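Grab a pencil and work through these exercises with the model open beside you. Try each task before you read its solution.

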Amino acid sequence: MQGDARELGFIKNDSIDLICTHPSYANIIKYSENIPEDLSLCDIDDFVEQMRRVANESYRILKPNKYCSILMGDTRREKHIVPLGFKVMQVFLDTGFVLKEIAIKEQHNCKATGFWHEKSIDFNFLLIAHEYLFIFRVLFWELFTLKITFNFFINTSSNKFNNTVIS
Ligand SMILES: C[S@@+](CC[C@H](N)C(=O)[O-])C[C@H]1O[C@@H](n2cnc3c(N)ncnc32)[C@H](O)[C@@H]1O
């Protein structure tokens, strides 16, 4: 199946049990030359905004209480870290997901490691050697259950109170 993660109209609302996604990290590695839907052609700010559309679609298609995991890493610009992982994490939180876990995945010996290794010596910075696996979920039913429990508790205690008054 092929598609654009920002536009999944062919998938029904609340129909997916698990989303595992590994987007490009903005334009660090370009996956195509001129496919307009390719998010690896976007620079950082645009990429983060496009990920908002991915988060909205993911939120729409995921069944309540199910999980959406996203693997993201950071990058460097002008010798400084750009926390791309946390920027994308925030986009998913803004959409309404809650964060279940953050797992750290070590990464070494990537295609670009040689390039970054030389730069890290020349310009005195640390190599990025990890990515984040953010595990989100949609909490709708949990909130619903909490509300029922809360209402049940309120009703039970007021019944008890009433009973006490009566007796
Ligand atoms: C970091 S790679 C992940 C590859 C994946 N882990 C795999 O093993 O196939 C990012 C992938 O996102 C794809 N991609 C780029 N823009 C996309 C979009 N709008 N919708 C869906 N996938 C997209 C790229 O073509 C690339 O294959």
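## Exercise 1: The overall layout

Task: Work out how many helices and strands the protein chain has, and in what order the elements run.

Solution: This is a predicted model. Start by counting: the protein chain has 4 helices and 6 strands. Next, walk along from the N terminus, and you read off β-α-β-β-β-α-β-α-β-α. Now look at contacts in the protein chain with a separation of 6 or more: 70% of them join residues 24 or more positions apart. Finally, check burial: of the chain's 167 residues, 15% count as buried.

## Exercise 2: The nonpolar core

Task: Find out which residues have the most contacts inside the largest nonpolar core, and which elements supply at least two residues of it.

Solution: A general idea helps first: in soluble globular proteins, nonpolar side chains tend to be buried together. Here, the largest nonpolar core holds 21 residues, and Met51, Ile70, Met72, Val88, Phe92 and Phe134 have the most contacts inside it. At least two residues of this core come from each of helix H1 (44-61), strand E2 (62-72), helix H2 (84-95) and strand E6 (130-137). H2 gives the most, with 5 residues. Now zoom in on Met72: leaving out residues up to four places away in sequence, Met72 touches Tyr25, Leu84, Gly85, Val88, Glu131, Tyr132 and Phe134.

## Exercise 3: Two helices that meet

Task: Describe how H1 and H2 pack, starting with their angle.

Solution: The angle is about 35 degrees, and the axes are 9 Å apart. The crossing of H1 past H2 is right-handed. Then list who meets whom: H1 brings Ile44, Val48, Met51, Arg52, Ala55, Asn56 and Tyr59, while H2 brings Leu84, Lys87, Val88, Val91, Phe92 and Thr95. Sort the residues of this contact by class and you get 9 nonpolar, 2 polar and 2 charged.

## Exercise 4: A helix to judge

Task: Decide whether helix H3 (residues 113-123) lies largely in the open or not, and give the reason.

Solution: Buried here requires 20 or more other C-beta atoms within 10 Å of the residue's own. Of the 11 residues of H3, the number buried is 0, so H3 lies largely in the open. Step just past H3 and you meet Asn124, which has a positive phi, near 55 degrees.

## Exercise 5: Around the ligand

Task: List the residues that surround the ligand, then sort them by class.

Solution: Going along the sequence, you collect Asp4, Ala5, Arg6, His22, Pro23, Ser24, Tyr31, Glu37, Asp38, Leu39 and Ser40. Sorted, this shell has 4 nonpolar, 3 polar and 4 charged residues.

Note on methods: Residues are numbered from 1 along each chain as its sequence is written. This is a predicted model: local features need pLDDT of at least 70, side-chain atom pairs count only at pLDDT 80 or more; totals for chains, interfaces and linings use all residues. A residue is near a molecule or strand if its C-beta atom, placed from the backbone, lies within 6 Å of it. Ala, Val, Leu, Ile, Met, Phe, Trp, Tyr, Cys and Pro count as nonpolar, Asp, Glu, Lys and Arg as charged, and the others, Gly among them, as polar. A residue is buried if 20 or more other C-beta atoms lie within 10 Å of its own, exposed if 12 or fewer, and partly exposed in between; C-beta atoms are placed from the backbone. A nonpolar core is a set of buried Ala, Val, Leu, Ile, Met, Phe, Trp, Tyr and Cys residues joined through C-beta atoms within 7 Å. Two residues are in contact if their C-beta atoms, placed from the backbone, lie within 7 Å. Axes are lines fitted to C-alpha atoms, for helices over the stretch in contact, and angles run from 0 to 180 degrees between N-to-C directions. A crossing is left-handed if the near helix is turned anticlockwise from the far one by less than a right angle, and right-handed if clockwise.
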